[in-house]
Amino acid sequence: MRCGDLKESYLEDEKIFQSLFVKIWLAVLLVFLAVFPLLADAYMLYVANLIGFAIIAAVGLNLLTGFTGQISLGHAAFVGVGGYAAAVLITRFGAPFWLALPLAGLVSALIGLVIGIPSLRVKGLYLCIATLASQFILEYVFVHWESVTRGIRGINVPPPRFGGFVFDTEASFYYITLVVMLMCVGFARNLVRTKWGRAFVAVRDRDLAAEIIGINLFRYKLVAFGVSSFYAGIAGGLWVSFMKVVTPEHFPFSLSIQYLAMIIVGGLGTILGSIFGAIFMTLVPELLNVLTGTTKHFFPGMEQLFIPMKDVIFGMLIVGFLVFEPHGLAEIWHRIKNFFTLWPFSY
Amino acid sequence: MLTYEKCVLPLPPPVKGGGFQIPLPSRERVARGGISDGKSSGKLAHMHVRVNLSDSLVGLLGSLAKSVSPHAISKEAGLMRARGFLAVFSLMLVLSMLGPAPAQDVIKIGAVQPITGRFAFAGVNINAGLEDALMMANEEGGINGKQIKYIMEDGQYQLDVATAAFKRIMTRDNPLIMYGESTGLGKAMSPEIKDRYKILYSSTSFSGELADVAVNPYIFVPGPTYADMFGILLKYIANEKPGAKVAFFYSDTEFGKDPIPFARQMCKDLKLELVAEAVAQVGAIDVTSQVLELKRKSPDYVIFQGFVVEPVAAVIKQCRDFGMKTKFMGTFWGATKMIIDNLGPLAEGYMAVNPYMYWWNDDVPMIKKIKTYSAKKHPSVTYRDNSYMQGFMTGLIFVELLKRADKAGQLNGEGLVKALQSLKDFDSGGLSAPFTVKNNKFPVARVWKTNVQKKIWEPASDWMRLDK
């Protein structure tokens, strides 16, 4: 029985998976995720894919807002930039999906860098408004730059293919989402324990002090915007290939708010928080839909009442979580874990 | 309290307040500082001990509580995801088991309706119309004996919610026919409807993009498209006043912009002068700039597209305040009694295109049937608007197509499409002119005019067909 947490080097302390037990459970999880399509029906796989895209986008936003402290209300627009870039690259330039996806991320990162430039001069709420402006500007571009985006008609995107195999069902696309999500989350988790991650946190906590000790604020803020937009672009490219169509209606301002809600409910400043938040915000409305669907059988004719109740319940859940744990679901998770760490000796 | 402390890293003194977390040895904990006030997580924050339980106990607790952690407070995404996914997955499995078992010999029709959200006033009516038509058919014997089951979910007029609802119904119930809530949903689902689901689909939308037998053979529009409606209005204008000045006032959405390119071309063909095009958001409060432009150009006719009531009422009022003598016209969603109720005397002279008869047309056999059925099933209802008639007509078409496909022994997507193409002079009991399908739509309608005293719409023209 291990007693005490004995770490003799910083390297040991920084390990992500710190014991064999954790690694075993992680392997169990990966096996479950790999086998999931065999157990689930098309609708559950659809939701699983959506959760995957939301995780990638939420991790990106958390890197920007949670770790670097730059509040961004334009995240959905960057997802849109990635989606449209992927669509245009695939349909207009004939690029294969595997090439179009990273390129879409890069295009989105470039736009993110441009949008990040005001962050040198404005902070906090003012940066919030500047990113809000970017959301509306990019939405306008999606609708009106018809020569590239085909405006409201949208672009039909063929599904990705590899050799002769076409990824056009939810189950087959799930594997693409899974692999990309694991890569993205792994990269982000490692990013935050490097010099860059620590610089982000320093910029968030006391940017004046950070500047004094030699952290180039502008550079790290721009990098944060760039990386966050890259993640958004990847999520957008995946989403667009999954839905096989992209229209400006897919990326409204409410989606930006949803991503922000994901990371706030999940936990700012933690990668795990983004994952929890994305799962929560995507899954809970669907579960509530299933619930209202089943209650319909018991109370026929009451649909008009139950359907809006769904939104009320969802809002109350968000408010409830934040009241009881402002640091989000990740913190609730840690508290539960800490409780059991000492069980039965805790008091 | 167990406080075994052996840590290589130096411990900074605890600092309260100032937005900092109470620092703990692990760097990761510091990285999780958070933007809000450094609220301590209780006694645990002061604890520098990590005691590990034995692995066997851990395993036992793990299987029981699913929330065991045998080690330090560090973030393992994998572990969390295992628990989260397992719990969620089991919950979903349980919930999906609920619900009645499917019955044999039942024809399922699914619908995603905008019951809440921006178009709720229309969505509730359309849903009522579609459901009434299907239930009436059930009462009259169903489809050669088979009963119809109507499954409806709320799409909230939002694309992501509607898409999820669509997929949920398809996966859970596998209906033969689906009804959708918006142009956006139809366009988003059209590749899958064609390649994968192969079911008959119709929607609240009259968009021309969806009525294309070559591209979307499974999708049809239960009436004329918006472009057809514009064509009918422009033809009416050309008959009334050749060479008139026309302006379009449309919303900055798919719904608003859909017929505009065709309408521009039609103006040229009919030698009408298109003097202005004004664009506004749906439900816009301030339309002064657009109204001023209309005042400058002084058109004879202004056609609205893409709105229902707001800001049509505001535009008409402001134009009349300016003393403009323009005549206003609208397409299907503008042919609602709400316009007359809201505008009052300002609605004088307002015209709209509508392919269906109204609730007060008692001489129409189908309207009489609807009224009898409503009195029986929904006694509190006093009026059903044109959106109800759209849903009802769609229901009638569905029933007719199902009957034809069933008689031909092909009760599936292909059979329904064949039946659709065979629709010629379909009699809807007077609800509309005889419907003949052309390119997956039924391009026939008539122009209606308001009668402000009686607060009803009256026909201003006979049935105008664009399908000859």
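Two strands are taken to pair if DSSP finds at least two bridges between them. In this predicted model, strand β6 (residues 245–251) of chain B and strand β8 (residues 301–305) of chain B are joined by five bridges. The two strands run parallel. Within this pairing, B:Phe249 stands opposite B:Phe304 of β8(B).

Strand β8(B) also pairs with strand β9 (residues 327–330) of chain B, through four bridges. This pairing is parallel too. Here B:Ile303 stands opposite B:Met329 in β9(B). Between β8(B) and β9(B) the chain passes through helix α11 (residues 312–321) of chain B. The resulting β-α-β crossover is right-handed.

Strand β8(B) is mostly covered, with five of its five residues buried. Its side chains are split between two directions. B:Tyr301, B:Ile303 and B:Gln305 point one way, while B:Val302 and B:Phe304 point the other. Residues in both groups are buried. In a regular strand, side chains alternate between the two faces of the sheet.

Chain B also holds an open sheet of five strands, in the order β2-β1-β3-β4-β5. Its pairing is parallel. The edges are formed by β2 (147–154) and β5 (219–220) of chain B, each of which pairs on one side only. Inside the sheet, three bridges connect strand β1 (residues 106–113) of chain B with β3(B), and these strands run parallel. B:Ile109 stands opposite B:Ile177 in β3(B).

In chain A, the axes of helix α9 (residues 195–205) and helix α11 (residues 217–243) come within 10 Å. They cross at roughly 110°. Angles of 65 to 115 degrees count as roughly perpendicular, and α9(A) and α11(A) are therefore roughly perpendicular to each other. On the α9(A) side, the contact is made by A:Trp196, A:Ala199, A:Phe200 and A:Val203. On the α11(A) side, A:Leu217, A:Tyr220, A:Lys221, A:Val223 and A:Ala224 take part.

Confidence varies along chain B. The chain averages a pLDDT of 79, and 77% of its residues score at least 70. Strand β3 (residues 177–180) of chain B has the highest confidence, at 93. Helix α2 (residues 55–65) of chain B has the lowest, at a mean of 41. Over residues 1–8 of chain B, pLDDT stays under 50, and the model has 17 contacts beyond four places in sequence for this stretch. Residues 17–26 of chain B also stay under 50, with 25 such contacts. Where pLDDT is low, the predicted coordinates should not be read in detail. For the complex, the predictor gives an ipTM of 0.78 and a pTM of 0.77.

Key. Residues are numbered from 1 along each chain as its sequence is written. Chains are lettered from A and ligands numbered from 1 in the order in which they are written. This is a predicted model: local features need pLDDT of at least 70, side-chain atom pairs count only at pLDDT 80 or more; totals for chains, interfaces and linings use all residues. pLDDT is the predictor's confidence in each residue, from 0 to 100. Two residues are in contact if their C-beta atoms, placed from the backbone, lie within 7 Å. A residue is buried if 20 or more other C-beta atoms lie within 10 Å of its own, exposed if 12 or fewer, and partly exposed in between; C-beta atoms are placed from the backbone. A crossover is right-handed if, with the strands pointing away from the viewer, the path from the first strand over the helix to the second runs clockwise. Axes are lines fitted to C-alpha atoms, for helices over the stretch in contact, and angles run from 0 to 180 degrees between N-to-C directions. Angles under 35 degrees count as roughly parallel, over 145 as roughly antiparallel, 65 to 115 as roughly perpendicular and the rest as oblique.
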